[in-house]
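Work through the exercises below with the model open. Try each task before you read its solution.

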Amino acid sequence: MRPPVHVYIGIGANLGDPVAQVLHACARLARDVPRSRLIARSSLYRNPPMGPQDQPDYVNAVARLDTQLAPRALLDELQGIEAACGRRRDGSRWGPRLLDLDILLFGDLVIDQPGLRVPHPGIAERDFVLFPLQELDPDLVIPGLGSVAALSRRMASKGLVAIAEEARA
C-alpha cells in the first residue's frame, strides 16, 4: 500500500445552486473517495467566468485530500463524482458547469499524460485557485512555478469575492 500523498482539488460550479453544488462535492470528497481523507477546504469564492461571459459567475473552492490512490485512479473517482452530480462532458471548454473537479496538485509530482496534467495548466494565472490554495497552505510550493504566496502576490484579483457562508444558513 502506498503512503498518503497531499493533493489539492479545485472545485467549481456555476449552474443550479453553485454554493450547494460545491458544498455537496466537498461532502462527497470526504465520504466517497476510497483510501482518501478530506483534510481541509478553503472558503468559497465567487468569480466571473474565465471563458464566455454570457454565463453565470462561478463559485470555487479548493480542498486538500490525503490519498493513497494513484493519480489516474483519483481522477476517475473525481469524474465519477462529477457524473453523479449531473455533469455531462460534451468537450466544451470554459462553459457552464454543474460541477467541475480538477486535480491541481498531486504531492510534488509533475504529470503530463493525455487527460491528466499536474500541476493543473494555468494554475499560476487563476486567482480563484491561488487565493484558496494560499488560504489552505501559505507555504505551499507548486512544482516548477514557485510558492503560492509569491504567485498570489503577483496576482491581481479579477473580481474574486469571498462568500460569507454563515449568511446562507
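## Exercise 1: Overall fold

Of the 169 residues in the chain, 47% are buried, where buried means under 20% relative accessible area, exposed over 50% and partly exposed in between (1.4 Å probe, protein chains only). The model is predicted: local features need pLDDT of at least 70, side-chain atom pairs count only at pLDDT 80 or more, and totals for chains, interfaces and linings use all residues. Residues are numbered from 1 along each chain as its sequence is written, and side-chain values use heavy atoms, with hydrogens and water left out.

Task: Describe the secondary structure, the dimensions and the contact pattern of the chain.

Solution.

1. Count the elements. The chain has 4 helices and 10 strands. Helices (H or I, at least four residues) and strands (E, at least two) are DSSP runs, numbered from the N terminus.
2. Read their order. Along the sequence it is β-α-β-β-β-α-β-β-β-α-β-β-α-β.
3. Check the size. The radius of gyration of the chain is 15 Å, which agrees with the value near 15 Å for a compact globule of 169 residues. That radius is taken over C-alpha atoms, and the globule rule is 2.2 Å times the number of residues to the power 0.38.
4. Take the extents. The C-alpha trace spans about 45 × 35 × 35 Å along its principal axes.
5. Sort the contacts. Of those between residues at least 6 apart in sequence, 68% join residues at least 24 apart. A contact means heavy atoms within 4.5 Å.

## Exercise 2: Strands β4 and β2

Task: Locate Arg-64, Thr-67 and Ile-39, and list their partners.

Solution.

1. Start with Arg-64. This residue is in strand β4, residues 58-67. Its side chain makes a polar contact of 3.4 Å with the side chain of Asp-66. A polar contact is a pair of N or O atoms within 3.5 Å; within protein, one must be able to donate a hydrogen and the other to accept it, and residues adjacent in sequence count only if both atoms are side-chain atoms.
2. Leave out residues up to four places away in sequence. Arg-64 then touches His-6, Val-7, Tyr-8, Arg-37, Leu-38, Ile-39, Ala-40 and Leu-136.
3. Move to Thr-67, also in β4. Its relative accessibility is 0%, so Thr-67 counts as buried. The side chains of Thr-67 and Ser-36 share a polar contact of 2.6 Å.
4. Apply the sequence filter of up to four places to Thr-67. Its partners include Pro-3, Pro-4, Leu-74 and Phe-106.
5. Cross to Ile-39 in strand β2, residues 36-41. Ile-39 counts as partly exposed because its relative accessibility is 32%. Beyond four places in sequence, Ile-39 touches Arg-64, Leu-65 and Asp-66.

## Exercise 3: Helix α3 and a pocket

Task: Which residues of helix α3 (residues 127-136) are buried, and which residues line the second largest pocket?

Solution.

1. Take the helix. Asp-127, Phe-128, Val-129, Leu-130, Pro-132 and Leu-133 are buried in α3.
2. Find the cover. It includes β1 (5-13), β3 (45-47), β4, β5 (100-106), β8 (141-142) and α4 (148-153).
3. Turn to the pocket. Its lining consists of Asn-47, Pro-48, Pro-49, Met-50, Gln-53, Glu-125, Arg-126, Asp-127, Phe-128 and Lys-158.
4. Note the lining by class: 4 nonpolar, 2 polar and 4 charged residues.5. Fix the terms. On a 1 Å grid over the protein atoms alone, a pocket is an open set of points where a 1.4 Å probe fits, with protein on both sides within 12 Å along at least five of seven lines; lining residues have an atom within 4 Å of a point. Ala, Val, Leu, Ile, Met, Phe, Trp, Tyr, Cys and Pro count as nonpolar, Asp, Glu, Lys and Arg as charged, and the others, Gly among them, as polar.

## Exercise 4: Backbone and loops

Task: Find the cis peptide bond, then examine Arg-35 and Gln-55.

Solution.

1. Inspect omega. The bond joining Val-118 and Pro-119 is cis, with omega about -5°. Pro-119 lies in the loop between β7 (116-118) and α3.
2. Inspect phi. Arg-35 is not a glycine, yet its phi is positive, near 50°. Arg-35 sits in the loop between α1 (18-32) and β2.
3. Set the background. Most residues other than glycine have a negative phi, and most peptide bonds are trans.
4. Classify Arg-35. At 43% relative accessibility, Arg-35 is partly exposed.
5. Finish with Gln-55, in the loop between β3 and β4. Gln-55 counts as buried because its relative accessibility is 9%. Its side chain makes a polar contact of 3.0 Å with the side chain of Asn-14.
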